[in-house]
Amino acid sequence: MAFVSQEEPKNLDEALKDNNWILAMQEELNEFALNEVWLLIPRIPEMNIIGTKWIFRNKMDEHGVITKNKARLVAKGYNQEEGIDYDETYAPVARLEAVRLLFAFSCIKGFKLFQMDVKSAFLNGYINEEVFVSQPPGFEDHQHPEHVFKLKRALYWLKEDPRQWYERLSDFLTSQGYDRRTSDKTLFIKRKEDDIILVQVYVDDIIFGSNNEELCETFVEIMKSEFKMSMMGELNYFLGL
């Protein structure tokens, strides 16, 4: 296991004194580069610039042992102006009753449920408006310190994040032959002759199951081909259930 810091820094100055947290921040920015999240451009007076800040969290396993230092760059979304920086923000979220129904249905049909989550889910959402953010504190470009980033993809804590991610995922699943339910827009179903696969989306957590294991394997393959996924195996615990 790699070395990790045992303490969460209270602010950026503390984080910049710890090599482990510097590496965590650099890892986050590497994800941004990989996902082509933004483009560095000159700043002009007419731009409404949204600030950015770092959030630091230690990830633990089920035994309470720290396994990873996670640094997340987020937008100060409270600075956004409706109609300028964003329009629609609503995104459907699976209700607990819907999750319970999925559990009950899987028991009746006798198939297992599996769980996967999407790494950096919100970075997969595309931005429809022009949104500009400040450079990451502590990691400003030395040659262009006054430049700003124009977002090509969603950034954490932007008001439209959940909707952009949901639309990207929904469009992808429907293109793969999955039918989105009208009564529960977080539930996707695909049938193949007498077989069926159910996919329930809860933000960046995805639960799925089928009476045919091949459908589950195919689902995992197509998801991994489009997104960076973490397969968490058979579902044992979810939302306190």
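These are my notebook entries on a predicted model of a protein chain.

**Confidence.** I began with the pLDDT values, and found that the mean for the protein chain is 82, with 84% of its residues at 70 or more. I then marked residues 78-91, where the pLDDT is below 50, although this stretch has 34 contacts in the model beyond near neighbours in sequence. I keep in mind that predicted coordinates should not be read in detail where pLDDT is low.

**The sheet of 4 strands.** I looked up the strand order of this open sheet and noted 1-7-6-2, with mixed pairing. Strand 1 (38-41) and strand 2 (49-50) stand at the edges and have a single partner strand each, so one side of each is left without a neighbour in the sheet. I followed the pairing of strand 6 (residues 132-133) with strand 7, which is antiparallel and runs over 2 bridges. For Phe 132 I found the bridge partner to be Lys 150 in strand 7.

**Leu 158.** I next went to the loop between strand 7 (148-151) and helix 4 (161-175), where Leu 158 is found. Is Leu 158 buried or exposed? I record Leu 158 as buried, because its relative accessible area is 4% and the cut-off for buried is under 20%. I also checked its separation from Ile 50, and although the two residues are 108 residues apart along the chain, their C-alpha atoms are separated by 9.3 Å.

**The sheet of 6 strands.** The other open sheet I traced has the order 8-9-10-11-5-12, and its pairing is antiparallel. At its edges I found strand 8 (179-180) and strand 12 (229-234), each of which has a single partner strand, so that one side of each lacks a neighbour in the sheet. Strand 8 is joined to strand 9 (residues 187-192) by 2 bridges, and the two run antiparallel; within this pair I saw Asp 179 opposite Ile 189 in strand 9.

**Helices on this sheet.** I looked at what helix 3 (residues 96-109) lies across, and listed strand 5 (113-118), strand 10 (195-202) and strand 11 (205-210), with the helix running at about 155 degrees to strand 10. Helix 5 (residues 213-226) also packs on the sheet, where it touches strand 5, strand 9, strand 10, strand 11 and strand 12, and its direction makes about 150 degrees with that of strand 11.

**Helix 5 in detail.** I compared the length of helix 5 with expectation: at 1.5 Å a residue its 14 residues should span 20 Å, and the end C-alpha atoms are 21 Å apart, which agrees. Which residues of helix 5 are buried? I noted Leu 215, Cys 216, Phe 219, Val 220, Ile 222 and Met 223 as buried in this helix. At the N-terminal end I found Asn 212 acting as a cap, with a side-chain oxygen 2.9 Å from the backbone nitrogen of Glu 214.

**Positive phi values.** I finally turned to two glutamates that have a positive phi in a residue other than glycine, Glu 36 with a value near 50 degrees and Glu 193 with a value near 55 degrees. Glu 36 lies in the loop between helix 2 (19-34) and strand 1, and I count Glu 36 as exposed because its relative accessibility is 51%, where exposed requires over 50%. Glu 193, in the loop between strand 9 and strand 10, is likewise exposed, with a relative accessible area of 78%.

Key: Residues numbered from 1 in each chain as written. Predicted model: local features only at pLDDT ≥ 70, side-chain atom pairs only at ≥ 80, totals over all residues. Heavy atoms only, no water. pLDDT = per-residue confidence, 0-100. Contact = heavy atoms within 4.5 Å. Buried < 20%, exposed > 50% of the residue type's maximum accessible area, 1.4 Å probe, protein only. Pairing = 2+ DSSP bridges. Axes fitted to C-alpha atoms, helices over the stretch in contact; angles between N-to-C directions. Expected span 1.5 Å × (residues − 1). Polar contact = N/O pair within 3.5 Å; in protein donor to acceptor, adjacent residues only side chain to side chain.
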